[in-house]
Amino acid sequence: MQKYIDSYDFAGKKAIVRVDFNVPLNENFEITDDTRIRRAIPTLKKVLEKGGSLIIMSHLGRPKKVDPKFSLKHIVARVSECLGVPVQFAEDCQKADAQAAALKPGEVLLLENLRFYAEEEGKPRGLAEDATDEEKKAAKKVVKESQKEFVKKLASYADCYINDAFGTAHRAHGSTALIAAYFPDDKMFGYLMEGEIKAIDNVLKNAGHPFTAIIGGAKVSSKLAVLENMLERVDNLVIGGGMSYTFIKAQGGNIGNSLHEDDLMPQALEILAKAKEKGVKVFLPTMSVVADAFSNDANAKVVPTAEIPEGWEGMDVAAENLAEWKDVILGSKTVLWNGPVGVFEMPNFAKGTLQIAEDLAEATAKGAYTLVGGGDSVAAVTKMGYADKVSYVSTGGGAMLEALEGKDLPGIAAVRE
Ligand code: AMP
């Protein structure tokens with residue numbers, strides 16, 4: 001049964017904690033953004049304060065073998081600094097028995113990168129490019145078998161398991177999902193995971209109405225499942241960014257050189273039809289800021305989105321739509337935002353995305369619940385300084401996207417089961 005970190009008795013116990021310390025490093029192996037470390041600190045400190053010891057495990061990057069470039073030793077000093085206690089390091093996550101056994105209350109051991117082992121992901125490595133399906137299947141069977149031993153070893157180090165790695169919650173990996181089975185009565189979420197789960201529940205289960213979802217980003221294909229799931233739940237669906245041009249073209253508009261996916265036009269029309277059937281109001285950019293090149297310094301003008309001239313492409317939502325969308329956002333009790341509504345990396349085409357961030361902050365101040373979920377909108381809201389002016393900013397791009405699609409995340413399910 002799932003336990004809770006606030007009520008669990010950690011005194012004299014060893015907790016193995018899966019965190020997401022997949023931080024960006026520069027060419028000198030210095031951390032350039034330690035947000036992910038800092039977000040896990042409350043959970044880690046709680047265990048230490050309550051008299052427990054810590055065995056911390058994480059992945060870093062996508063190594064396909066043991067590779068010093070991806071060693072977690074690069075982050076030991078920063079973790080120690082953030083925790084305020086020394087941090088020991090186990091150079092092989094599968095050979096940490098003695099170090100784990102020797103841990104006393106208040107002590108901390110960080111395990112080397114879990115992904116140095118293929119067993120963490122449970123996927124075979126080093127297969128020949130021309131491997132047959134049979135060979136692939138056989139290799140998968142081998143790694144799945146050894147994965148059991150890999151997970152068992154990690155579990156043997158500790159008395160309880162905490163998952164605080166939301167960023168990898170959508171992966172059914174050894175340390176994110178399979179290990180929980182070894183702690184049937186001693187498994188729990190860390191505070192970061194609890195926060196993310198609550199945020200997901202706030203929009204998927206307990207949303208106040210009117211509920212507005214703003215879905216932007218480059219492609220319809222990567223957001224199709226989110227759009228479909230949102231149709232079941234929202235009152236208003238705002239569709240912006242590169243993906244909106246597929247919808248406009250599907251309706252017969254001329255979109256010039258704008259980003260679009262012809263093969264997704266039928267699905268776009270289906271979404272619009274379904275929205276109508278369900279009484280969901282859909283807001284598309286009817287006016288766009290267009291440019292004559294994909295560049296910040298390109299010539300720009302505002303035109304109707306369905307009449308973009310050849311040689312021009314949609315880069316941002318125009319002011320007319322933003323004013324309309326603002327009313328929709330401010331009139332909502334719940335707002336979910338995933339994906340920028342323009343090419344926000346270019347300052348000349350970031351106005352729409354900035355305005356959405358501002359509107360969300362204003363709606364939050366008025367009492368709405370606002371969730372910013374998904375990689376690029378999170379980057380936008382953070383870059384623009386609104387991260388603490390909305391109700392919740394998710395830390396997990398892919399994981400949040402899958403949760404918004406309505407999928408059960410393996411990392412969450414394994415602890416709840
Ligand atoms: P996603 O990862 O799907 O959320 O997409 C984010 C990306 O979509 C960002 O890099 C934006 O620059 C891009 N994007 C947003 N609007 C447009 C647009 N009108 N044309 C091209 N790319 C866009």
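So, the shell around the ligand: its residues split into 7 nonpolar, 7 polar and 3 charged. Keep in mind that this is a predicted model.

In total, 17 residues surround the ligand. The closest ones are Ala218, Lys223, Gly314, Glu345 and Asp376. Two of those names come back when we go through the polar contacts.

Let's start with Lys223. One of its polar side-chain atoms is 3.0 Å from a ligand oxygen atom. Next comes Gly314, and here the backbone is involved: a polar backbone atom of Gly314 lies 3.0 Å from a nitrogen atom of the ligand. Then there's Gly342, where a backbone N or O atom sits 3.5 Å from a ligand nitrogen atom. How much of the ligand's accessible area does the protein cover? On its own the ligand has 510 Å² of accessible area, and the protein covers 81% of that.

And which pocket are we in? The ligand sits in the second largest one.

Okay, leaving the ligand, a quick word on the cysteines. How many disulfides turn up in a search of the whole structure? The search comes back with 0. Take Cys93: it's in no disulfide, and the nearest cysteine sulfur, the one on Cys160, is 19 Å away. For a disulfide, the two sulfur atoms would have to be within 2.5 Å. Turn it around and Cys160 is likewise in no disulfide, with the sulfur of Cys93 as its nearest cysteine sulfur, at 19 Å.

Are these two buried or exposed? Cys93 is buried, at a relative accessible area of 1%. Cys160 is buried as well, with a relative accessible area of 0%.

So, to recap for anyone setting up the ligand site: the contacts to look at include the Lys223 side chain to a ligand oxygen, and the Gly314 backbone to a ligand nitrogen. That's what I had.

Technical notes
Residues are numbered from 1 along each chain as its sequence is written. This is a predicted model: local features need pLDDT of at least 70, side-chain atom pairs count only at pLDDT 80 or more; totals for chains, interfaces and linings use all residues. Side-chain values use heavy atoms; hydrogens and water are left out. Buried means under 20% relative accessible area, exposed over 50%, partly exposed in between (1.4 Å probe, protein chains only). A residue is near a molecule or strand if one of its heavy atoms lies within 4 Å of it. A polar contact is a pair of N or O atoms within 3.5 Å; within protein, one must be able to donate a hydrogen and the other to accept it, and residues adjacent in sequence count only if both atoms are side-chain atoms. Accessible areas come from the Shrake-Rupley method with a 1.4 Å probe; for residues, only the protein chains shown count as cover. On a 1 Å grid over the protein atoms alone, a cavity is a set of points where a 1.4 Å probe fits but cannot get out, and a pocket is an open set with protein on both sides within 12 Å along at least five of seven lines; lining residues have an atom within 4 Å of a point. A molecule sits in a cavity or pocket if more than half of its atoms lie within 2 Å of its grid points. Ala, Val, Leu, Ile, Met, Phe, Trp, Tyr, Cys and Pro count as nonpolar, Asp, Glu, Lys and Arg as charged, and the others, Gly among them, as polar.
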